[in-house]
Amino acid sequence: LASGNVFGTEVPRMKCLYLTCEDDQNELERRQIAINRELNIDHAKLDYLLLRSYMGHDARLWAKSSDGGMMRTQTHSWLCEIIVNNNLDAVWLELIPDFFEGNENERNTVNRFVKGVLGGICSTYNCAINFLYHPSRSGMADGSGLSGSTAWEGSVRSRLYLTGEDANGVRTLSRKKSNYS
């Protein structure tokens, strides 16, 4: 993120990785160029932003082991190496189901993944991890933005929800959970 005012709060520049399984590298670059143009940002000065597509690759950070338990994967090691080599402050993962192998309705499994795997990366490498997911139909209908197990809500420290466009083409970003703020 660039330093500046975000939602009324002054924030420092942070070195970030946006890792997605949704779009290829060309699409990521195309979108960033459009954002830069709209915000009048010099693309050459975005040395603090890494955009990486993991489309078509096994992105699971945590997977079932042969004994029926769960284990960290090669992708987990790869991500940790990128964090260290680039001295990252924040990582964005899109979409979380691509990185999580487990039943999202098993509260304990979700909790262990969020706090143990993602939280472990955060505490080991002093970085923040943000992840994206699509809300369920009921989560969109009731405005909660929830999806699957309530363990996703209970395990995270904060949660934002971006609505679809209204009749005027406006999207709304709202805070649904915020610990420590």
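Biologist: Let me start from the ground rule: two strands pair if DSSP finds at least two bridges between them. With that in mind, which residue in β4 stands opposite Leu 19?

Modeller: Arg 52 is the one facing Leu 19. Keep in mind that this is a predicted model. From β3 the chain passes through helix α1, residues 25-39, to reach β4, and this β-α-β crossover is right-handed.

Biologist: Nice. How many bridges join β3 to β4, and which way do the two run?

Modeller: There are 5 bridges between β3 (residues 16-20) and β4, and the two strands run parallel. Leu 17 has Leu 50 of β4 as its bridge partner.

Biologist: What about the whole sheet, is it open or closed, and in what order do the strands come?

Modeller: It is an open sheet of 4 strands, ordered β4-β3-β7-β8, with parallel pairing. β4 (49-53) and β8 (128-132) are at the edges with a single partner strand each, so one side of each has no neighbour in the sheet. From one strand to the next the twist averages 15°.

Biologist: Which strands does α2 lie across?

Modeller: Helix α2, residues 74-86, lies across β3, β4 and β7 (90-94), and runs at about 155° to β3. Helix α4, residues 107-125, lies across β7 and β8, at about 135° to β8.

Biologist: And how do α2 and α4 sit relative to each other, at what crossing angle?

Modeller: Two packed helices are described by the angle between their axes and the distance between the axes. Here the axes of α2 and α4 come within 11 Å and cross at roughly 25°. Angles under 35 degrees count as roughly parallel, and α2 and α4 are therefore roughly parallel to each other. Their crossing is right-handed.

Biologist: Which residues meet there?

Modeller: From α2 you have His 76, Leu 79, Cys 80, Ile 83 and Val 84, which meet Val 117, Ile 121 and Tyr 125 of α4. By type, the residues of this α2 with α4 contact are 7 nonpolar, 1 polar and no charged.

Biologist: Switching to the backbone: where is the cis peptide bond?

Modeller: The cis bond joins Glu 94 and Leu 95, with omega about -15°. Leu 95 belongs to the loop between β7 and α3 (96-99).

Biologist: What is phi of Asn 40, positive or negative?

Modeller: Positive: phi of Asn 40 is near 55°, in a residue other than glycine. You will find Asn 40 in the loop between α1 and β4.

Note on methods:
Residues numbered from 1 in each chain as written. Predicted model: local features only at pLDDT ≥ 70, side-chain atom pairs only at ≥ 80, totals over all residues. Heavy atoms only, no water. Axes fitted to C-alpha atoms, helices over the stretch in contact; angles between N-to-C directions. Contact = heavy atoms within 4.5 Å. Parallel < 35°, antiparallel > 145°, perpendicular 65-115°, else oblique. Left-handed = near helix turned anticlockwise from the far one by under 90°. Nonpolar A, V, L, I, M, F, W, Y, C, P; charged D, E, K, R; others polar. Right-handed = clockwise from strand over helix to strand, strands pointing away.
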